[in-house]
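Okay, thanks for making time, everyone. I'll put the structure up and then walk you through a few spots I'd like you to look at.

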Amino acid sequence: MIDLGNLSEEVRRRCEKVEIILSDVDGVLTDGRVLLDGRGNEAQFFHIRDGLGIQLWQRAGFHFGILSHRSSQAVRLRAAEVGVAIVRQSVESKLAAAEEILEQLRLPMDHLCYVGDDLLDLPLLRRAGLGVAVADAAPEVRAVAPLITTLPGGHGAVREVVELLLKAKDRWEALVASIAR
């Protein structure tokens, strides 16, 4: 888990500004593996803690969205299951898609946290207010991201980001207490 106390003052300030998290799917919300059966049916594995993290982030009044270069029925189903309304699949430019989403929400780029893992994520990671690479991201991605999770993609990395951001905003303890009742 990323320790809030070990962050630079600059990264901490970036965390405090975030109002929307956009996430890649393959390699971030999943471990990057895609299972195809003989009939062309696809299966992906999503971590349950990421789902609860997304729900807690939204319960706290913030936005969460998914950006994927690929298109998958599994992503549509998982997004619906955890209440994610912002879903863009078959995206050629994640930066352009993010700019469109931010414009619709009337949010500036520095209020965006983007979580990615591979080369197609680089343009958006460079522009987002807070770029985050998962622990097992491509070396080029880890090199540009100001924040790197301790967990790999598909193993709770998004939950780790959510917890960090909510702690930076001093909102985590209240959310945990509301669940523990």
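So, to start us off: in which strand is the place of H63? It's in β4. Before I go on, keep in mind that what you're looking at is a predicted model.

Back to H63. It is partly exposed, with a relative accessible area of 31%. If you skip its neighbours within four places in sequence, H63 is in contact with E19, I20, I21, W57, I86, L105 and L107. I also have one long-range distance for you: H63 and E160 sit 97 residues apart in sequence, and their C-alpha atoms are 16 Å apart in space.

Now slide along to I66, which lies in strand β4 too. Buried or exposed? I66 is buried, at a relative accessible area of 4%. Setting aside residues within four places in sequence, I66 has contacts with L22, S23, V25, L29, V75, A79, V84, I86, V87 and R88. Its C-alpha is 11 Å from that of I54, and those two are 12 residues apart along the chain.

I66 and I54 come up again in the next bit, the cavity. How many cavities of 30 Å³ or more does the count come to? One. The largest cavity holds about 60 Å³ of space. Its lining is made of L29, F46, H47, D50, G51, I54, I66, R78, A79 and V82. So I66 is there, along with two of its contacts, L29 and A79. Sorted by class, you get six nonpolar, two polar and two charged residues around that cavity. Helices α2, residues 48–59, and α3, residues 73–82, each give at least two residues to this lining.

Compare that with the largest pocket, at a volume of about 150 Å³. Who lines it? D24, D26, S68, H69, R70, K94, D117, D118, L119, L120 and D121. By class, that makes seven charged residues, two polar and two nonpolar.

K94 from that pocket lining takes us neatly to helix α4, which runs over residues 94–105. It has 12 residues and covers 16 Å from first C-alpha to last, close to the 16 Å expected at 1.5 Å a residue. Which residues of α4 are buried? That would be K94, L95, A97, A98, I101 and L102. Look down the axis of α4 and these buried residues fall within an arc of 160°, so they line one face of the helix. The general background you all know: an α-helix has 3.6 residues a turn, so residues three or four places apart point the same way. Over on the other side of α4, E103 and Q104 are exposed.

And what do the buried residues of α4 pack against? There are four strands, β1 (20–23), β4 (63–67), β5 (86–88) and β6 (112–116), plus helix α5 (122–127). So β4, the strand that holds H63 and I66, is one of the elements packed against α4.

A quick word on backbone angles. Most residues other than glycine have a negative phi. Just after α4 comes R106, and its phi is positive, near 55°. On the other end, in the loop between β5 and α4, is S90. S90 isn't a glycine either, yet its phi is positive, about 55°. S90 is partly exposed, with 46% relative accessible area.

One more of those: D170, in the loop between α7 (157–168) and α8 (172–180). Phi of D170 is near 60°, again positive in a residue other than glycine. With a relative accessibility of 70%, D170 counts as exposed.

Last stop, helix α7 itself, where you'll find L164. L164 is at 3% relative accessibility, so we call it buried. Not counting residues up to four places away in sequence, L164 touches I2, L4, L7, C15 and L147. Pick out C15 from that set: L164 and C15 are 149 residues apart along the chain, while their C-alpha atoms are separated by 8.0 Å.

That's my tour. Shall we zoom in on anything?

Key:
Residues numbered from 1 in each chain as written. Predicted model: local features only at pLDDT ≥ 70, side-chain atom pairs only at ≥ 80, totals over all residues. Heavy atoms only, no water. Expected span 1.5 Å × (residues − 1). Buried < 20%, exposed > 50% of the residue type's maximum accessible area, 1.4 Å probe, protein only. Arc of directions from axis to C-beta. Contact = heavy atoms within 4.5 Å. 1 Å grid on protein atoms, 1.4 Å probe; cavity = no way out; pocket = protein on both sides within 12 Å on 5 of 7 lines; lining within 4 Å. Points joined across faces, edges and corners; volume = space filled by probe spheres on them. Nonpolar A, V, L, I, M, F, W, Y, C, P; charged D, E, K, R; others polar.
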